[in-house]
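User: I'd like to learn how to read a model like this one. Could you walk me through it, feature by feature?

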Amino acid sequence: MSGFANFGARAYASVGVETGVSVSTPHELILMLYDGALESLRLAIGCITANDPIGRAKAVSRAARIIDEGLRASLDHKSGGDLALQLDRLYDYMCRRILQGSTDNDAAPLEEIADMIDGLRSSWVAIEPGAHAAA
């Protein structure tokens, strides 16, 4: 397993997600991180609606950790250049908005970030290695 894949597997496992991480490609690992963040954000939004502050706190914490310790930490600033820098800033913004939504017990910031992650996820799926060769 490559160094990145090893790191991605550890980062994903560290936020409490158990799947087939050990056999996933780096591309699949990032996709799993996006999926995990979306799932947690949707759960947090549901907890806000259901007036479940403990559930909200757990879901928000998990989403922020996936974004910060998984997606943000996996950026390769040396090879990624400006794109990595822009994603780093975006992930930082996402974490701050998630915290704000949780603190204010407001689903709107969480919905905003879920939409952003959904867009990033769609773009990530579109660039899957080998997708163009098969088409």
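Analyst: Sure. Keep in mind that this is a predicted model. Let's start with one residue: leaving out residues up to four places away in sequence, Ser 102 touches Arg 56 and Val 60.

User: Where is Ser 102 found, and what does its side chain make a polar contact with?

Analyst: Ser 102 is found in helix H4. Its side chain makes a polar contact with the side chain of Arg 56, at 3.4 Å.

User: Is Ser 102 buried or exposed?

Analyst: For that, look at relative accessible area: under 20% means buried. Ser 102 has 12% relative accessibility, so it counts as buried.

User: Let me try another one. How should I read His 27, buried or exposed?

Analyst: Use that cut-off again. His 27 has a relative accessible area of 10%, so it is buried. This histidine is in helix H2. Not counting residues up to four places away in sequence, His 27 touches Trp 124, Val 125, Ile 127, Glu 128 and Pro 129.

User: On to the core, then. How many residues does the largest nonpolar core have, and which have the most contacts inside it?

Analyst: The idea is to look for buried nonpolar residues joined through their side chains. Here the largest such core has 27 residues. Those with the most contacts inside it are Leu 41, Ile 67, Tyr 91, Ile 98, Leu 110 and Ile 117.

User: Which elements give two or more residues to this core?

Analyst: Four helices do: H2 (26-49), H3 (53-72), H4 (77-104) and H5 (107-126). The largest share, 9 residues, comes from H2.

User: Let's zoom in on one core residue. What is Ile 117 in contact with, leaving aside its neighbours within four places in sequence?

Analyst: Ile 117 is in contact with Tyr 34, Ala 37, Leu 38, Leu 41, Ile 67 and Met 94. Two of those names, Leu 41 and Ile 67, you've already met among the residues with the most contacts inside the core.

User: Now pockets. How much space lies in the largest pocket, and which lining residues are the closest to its centre?

Analyst: With a pocket, check the volume, then the lining. About 470 Å³ of space lies in the largest pocket. It is lined by 17 residues, and the closest to its centre are Leu 75, Asp 76, Leu 83, Leu 87 and Trp 124. Trp 124 also came up earlier, as a residue that His 27 touches.

User: Which helix gives the most to that lining, and what is the make-up by class?

Analyst: H4 gives the most, with 6 residues. H2, H4 and H5 each supply at least two. By class, the lining has 12 nonpolar, 4 polar and 1 charged residues.

Methods: Residues are numbered from 1 along each chain as its sequence is written. This is a predicted model: local features need pLDDT of at least 70, side-chain atom pairs count only at pLDDT 80 or more; totals for chains, interfaces and linings use all residues. Side-chain values use heavy atoms; hydrogens and water are left out. A nonpolar core is a set of buried Ala, Val, Leu, Ile, Met, Phe, Trp, Tyr and Cys residues joined through side-chain atoms within 4.5 Å. Buried means under 20% relative accessible area, exposed over 50%, partly exposed in between (1.4 Å probe, protein chains only). Contact means heavy atoms within 4.5 Å. On a 1 Å grid over the protein atoms alone, a cavity is a set of points where a 1.4 Å probe fits but cannot get out, and a pocket is an open set with protein on both sides within 12 Å along at least five of seven lines; lining residues have an atom within 4 Å of a point. Grid points are joined across faces, edges and corners, and a volume is the space filled by probe spheres set on the points. Ala, Val, Leu, Ile, Met, Phe, Trp, Tyr, Cys and Pro count as nonpolar, Asp, Glu, Lys and Arg as charged, and the others, Gly among them, as polar. A polar contact is a pair of N or O atoms within 3.5 Å; within protein, one must be able to donate a hydrogen and the other to accept it, and residues adjacent in sequence count only if both atoms are side-chain atoms.
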